[in-house]
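Good morning, and thank you for joining this group meeting. Please take a moment with the sequence and the structure before I begin.

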Amino acid sequence: MTVKAVSRVVFITLLAGVTVLTLTNNQEVANPGAPLTRFLADLLLGNANAADKIGHFSAYGVLGVTIVPARFFLPRQVWRSVAALALYGVFLEILQGIGGVRTMEAGDALANALGAIAGCMVSIAISALAQRVRHARA
């Protein structure tokens with residue numbers, strides 16, 4: 001399998017997981033990393049109650065990292081990947097509101113979008129660094 005094919009499988013698997021965790025009502029399943037996210041929220045934001053935002057940011061950050069090598073869009077159109085992930089995060093928040101079991105939060109949608117942007121930026125930086133290393137060895 002090519003890197004692109006593996007990346008697509010990983011991205012789709014992670015996207016399915018994020019979707020299920022976003023829409024599930026079982027908080028024990030949806031928040032397995034709650035102690036870690038509470039710690040990070042307290043450390044980074046000074047508010048352990050913001051753990052949910054750290055979780056959203058992290059989940060979409062990982063999606064952002066994996067969507068770039070999956071190349072669903074042309075390499076120079078990576079902004080479309082960011083936009084697609086951000087819109088998907090908004091869509092899932094709307095579904096939460098419609099479902100009535102969980103609540104829709106604009107802050108979660110913002111955390112999703114910022115995580116997607118950060119993840120894509122990290123992936124692009126890693127790709128550029130790897131390319132420089134390859135060229136240096138050649």
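Let me open with a question: does Arg71 count as buried, partly exposed or exposed? Arg71 has a relative accessibility of 45%, and because buried means under 20% and exposed means over 50%, Arg71 counts as partly exposed. I should say at once that this is a predicted model, and that every value I quote has been computed from it. Arg71 sits in the loop between H4 and H5. Its backbone also deserves a remark: Arg71 is not a glycine, yet its phi is positive, at about 50°. I shall return to Arg71 when I come to a pocket.

First, the overall architecture. The protein contains 6 helices and 0 strands, so in sequence order the pattern reads α-α-α-α-α-α. Along the principal axes, the C-alpha atoms fill a box of roughly 55 × 30 × 25 Å. The protein has 138 residues, and 30% of them are buried. Among contacts with a separation of 6 or more, 69% are between residues 24 or more positions apart.

Next, the interior. Which residues form the largest nonpolar core? There are 12 of them: Phe11, Leu15, Val18, Tyr60, Leu63, Ile67, Val68, Val82, Leu85, Leu92, Ala116 and Cys120. Two or more of these residues come from each of helix H1 (3–23), helix H4 (51–70), helix H5 (78–99) and H6. The most are given by H4, with 4 residues. Val82 offers a view of the packing within this core. Setting aside neighbours within four places in sequence, Val82 is in contact with Ala116, Ile117 and Cys120. Of these partners, Ala116 and Cys120 are themselves listed in the core.

I turn now to two polar residues, beginning with Asn112. Asn112 is found in helix H6, which covers residues 106–137. Is Asn112 buried or exposed? Its relative accessible area is 1%, and Asn112 is therefore buried. The side chain of Asn112 has a polar partner in the side chain of His56, the two being joined by a polar contact of 2.8 Å. Apart from neighbours within four places in sequence, Asn112 is in contact with His56, Tyr60, Gly89 and Glu93. One of these, Tyr60, also belongs to the largest nonpolar core.

The other polar residue is Gln96, which lies in helix H5. With a relative accessible area of 5%, Gln96 is buried as well. Not counting residues up to four places away in sequence, Gln96 touches Thr22, Leu23, Val101, Arg102 and Thr103.

Finally, the pocket. The second largest pocket has a volume of about 380 Å³. Which of its 18 lining residues are the closest to its centre? They are Val68, Pro69, Arg71, Ser123 and Ser127. Here we meet Arg71 again, the partly exposed residue with which I began. Val68 is likewise familiar, as a member of the largest nonpolar core. The elements that contribute two or more residues to the lining are H4, H5 and H6, and H6 gives the most, with 6 residues. Sorted by class, the lining comprises 11 nonpolar, 5 polar and 2 charged residues.

To close, I would leave you with two places to inspect on the screen: the 2.8 Å polar contact between the side chains of Asn112 and His56, and the loop between H4 and H5 that holds Arg71. Thank you for your attention.

How values were computed: Residues are numbered from 1 along each chain as its sequence is written. This is a predicted model: local features need pLDDT of at least 70, side-chain atom pairs count only at pLDDT 80 or more; totals for chains, interfaces and linings use all residues. Side-chain values use heavy atoms; hydrogens and water are left out. Buried means under 20% relative accessible area, exposed over 50%, partly exposed in between (1.4 Å probe, protein chains only). A polar contact is a pair of N or O atoms within 3.5 Å; within protein, one must be able to donate a hydrogen and the other to accept it, and residues adjacent in sequence count only if both atoms are side-chain atoms. Contact means heavy atoms within 4.5 Å. A nonpolar core is a set of buried Ala, Val, Leu, Ile, Met, Phe, Trp, Tyr and Cys residues joined through side-chain atoms within 4.5 Å. On a 1 Å grid over the protein atoms alone, a cavity is a set of points where a 1.4 Å probe fits but cannot get out, and a pocket is an open set with protein on both sides within 12 Å along at least five of seven lines; lining residues have an atom within 4 Å of a point. Grid points are joined across faces, edges and corners, and a volume is the space filled by probe spheres set on the points. Ala, Val, Leu, Ile, Met, Phe, Trp, Tyr, Cys and Pro count as nonpolar, Asp, Glu, Lys and Arg as charged, and the others, Gly among them, as polar.
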